[in-house]
Amino acid sequence: MAIIDPVLHEYRSRRSLSPGGNEKDIPVTADVEADSWAVTLTPRLAQFVAVARHEHVTRAAQQLGMPQSTLSRSVARLEDDLGVALFARHGRTVSLTAAGRTFLATVERALSEVDRAAESVRADADPAAGKVAFGFLHTLGSETVPELIRAFRTDHPRVRFQLVQNYGESMLQRLRDGELDLCLTSPVPDAPDLVSRRLDEQKLRLVVPDDHPLASRKRIRLAEAASELFVTLEPGYGLRRITDAVCAEAGFTPKIAFEGEEAETLRGLVAAGLGVALLPPPAVPRPGVAELTVTAPRAFREIGVAWLDGHPDTPPVAAFKRFLLSRRGQLLPR
C-alpha cells in the first residue's frame, strides 16, 4: 500500500522534468510561499519539535512511530522550505541552531494552542459534561428557562450551559452564525435553513395602570382599547409583530407612545400611567397594574425551539433537544 505524503507531493509538484528527463527546480513565487506557509509547514512541526527535544533523530522517530529515514527527510525538507538551518548535525545527534531555537519557541506555543483547542472542543462534545449554547427570550428567563435546566440536569448533572438572552431575530442570526445550538423563540420561525418545533403557547393580557377606568374589569375585547396609547417592544421583536397583528385583527392600528426592549420595562411604563400593553403573564405579580384577559380576538404567542438545519448535534445538545421536545404542552407554567 502506498502512503502519499501530501507535503512531499506538494513539494514535488514544484519540480519539472528537463528535456533530458532530469528534474529541475522551479522557483516558487513569493505569493505562493506567503499563501502556503501554514499548509506546507504544519504537518512537520510536531516532527521538528520531537527532534529538537530528543536531540536525536532515531529516538524522535521511535517516539513518533515512523522510520528514521522518513523523519530525516521531513526535517531536511522543512529546512529547505524555510531556507534556514534549524539543526547542526553531530553524527547521530543534532543540536538546535540559533534559528532553530527561535523557531522552536514559537512552534511549541502554536502546537500547545492546537492541543488546547482540540481539548476544548472535545470537552464541549462530551456526553456527560459537554456544553449547550442555548438562547431564549428575555420573558422566559426569570422562571421558564431556570426550571427547564433544573429538570434536565436531574439526569444530566454535569452538562454545562452557555446562556444567551435576546430577542428572536438576533438569536436566529446567532444560530446561523454557529454561536447557538438551540433557541426558544416566538413567533416560531419558518425559514428554509432552520428547523423549528412548536412547544407551547402563552396567552397575552392587556396590561393597564391600576387606576385606569378599565382596571376593574377582568376581561376585555381588544377593540375596546383602540383609543388607548400603547407601549410596545421595538420593531423587530417577535412580541411587537404579534401585538401589531392582534390589534389589526381587532380592527385598529395601535397608537404607540413608547417602545422598549424588555417586557418588564413595559410593565413599569404601564404602572407609571404612560400607556397600556399586550404582554405575557409576569413571573411575579407587578404592583401598579391590572392584567385583563383578552376575549377577542384570541391573543397569544407560540413558543418554539429552533436549530440550524443540517447542523450536527453533539451528544449534550442532542440530549437537551430531546428533553425540550418532550416538554410539548408543558413548557410554560400554568
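Here are some notes on the fold, the cavities and a few backbone details of this predicted model.

1. Starting with the overall picture: the protein has 334 residues, and 42% of them count as buried. Its secondary structure comes to ten helices and 15 strands.

2. On how the chain packs against itself, take the contacts between residues at least 6 apart in sequence: 72% of these join residues at least 24 apart. As for the outside, the accessible surface is about 18100 Å², and carbon and sulfur atoms account for 53% of that.

3. Now the holes. Searching the whole structure turns up two cavities of 30 Å³ or more. The largest has a volume of about 120 Å³. It is lined by 15 residues, and those closest to its centre are Leu137, Thr139, Leu233, Tyr237 and Arg301. Sorted by class, this lining has six nonpolar, six polar and three charged residues.

4. The second largest cavity holds about 30 Å³ of space. Have a look at its lining, which is made up of Val231, Thr232, Leu233, Leu239, Arg240, Thr243, Leu266, Leu278 and Leu279. Here the split is six nonpolar, two polar and one charged. If you want to find the spot in the viewer, go to strand S11 (229-233), helix H8 (238-250) and strand S13 (277-279), since each of them supplies at least two residues of the lining. Leu233 is worth clicking on: it is listed among the residues closest to the centre of the largest cavity, and it also lines the second largest one.

5. Next, the backbone. Most peptide bonds are trans, and most residues other than glycine have a negative phi. Two prolines and a glutamate are worth checking with that in mind.

6. The bond from Ser186 to Pro187 is cis, with omega near -5 degrees. Pro187 sits in the loop between strand S7 (182-185) and strand S8 (194-203).

7. There is also a cis bond from Ala296 to Pro297, where omega is near -10 degrees. Pro297 is in the loop that runs between strand S14 (289-296) and strand S15 (300-308).

8. Which loop holds Glu55? Look between helix H2 (30-54) and helix H3 (57-64). Phi of Glu55 is near 55 degrees, a positive value in a residue other than glycine. Is this residue buried, exposed or partly exposed? With a relative accessible area of 42%, Glu55 counts as partly exposed, because that class lies between the 20% and 50% cut-offs.

Definitions and conventions:
Residues are numbered from 1 along each chain as its sequence is written. This is a predicted model: local features need pLDDT of at least 70, side-chain atom pairs count only at pLDDT 80 or more; totals for chains, interfaces and linings use all residues. Side-chain values use heavy atoms; hydrogens and water are left out. On a 1 Å grid over the protein atoms alone, a cavity is a set of points where a 1.4 Å probe fits but cannot get out, and a pocket is an open set with protein on both sides within 12 Å along at least five of seven lines; lining residues have an atom within 4 Å of a point. Grid points are joined across faces, edges and corners, and a volume is the space filled by probe spheres set on the points. Ala, Val, Leu, Ile, Met, Phe, Trp, Tyr, Cys and Pro count as nonpolar, Asp, Glu, Lys and Arg as charged, and the others, Gly among them, as polar. Helices (H or I, at least four residues) and strands (E, at least two) are DSSP runs, numbered from the N terminus. Buried means under 20% relative accessible area, exposed over 50%, partly exposed in between (1.4 Å probe, protein chains only). Contact means heavy atoms within 4.5 Å. Accessible areas come from the Shrake-Rupley method with a 1.4 Å probe; for residues, only the protein chains shown count as cover.
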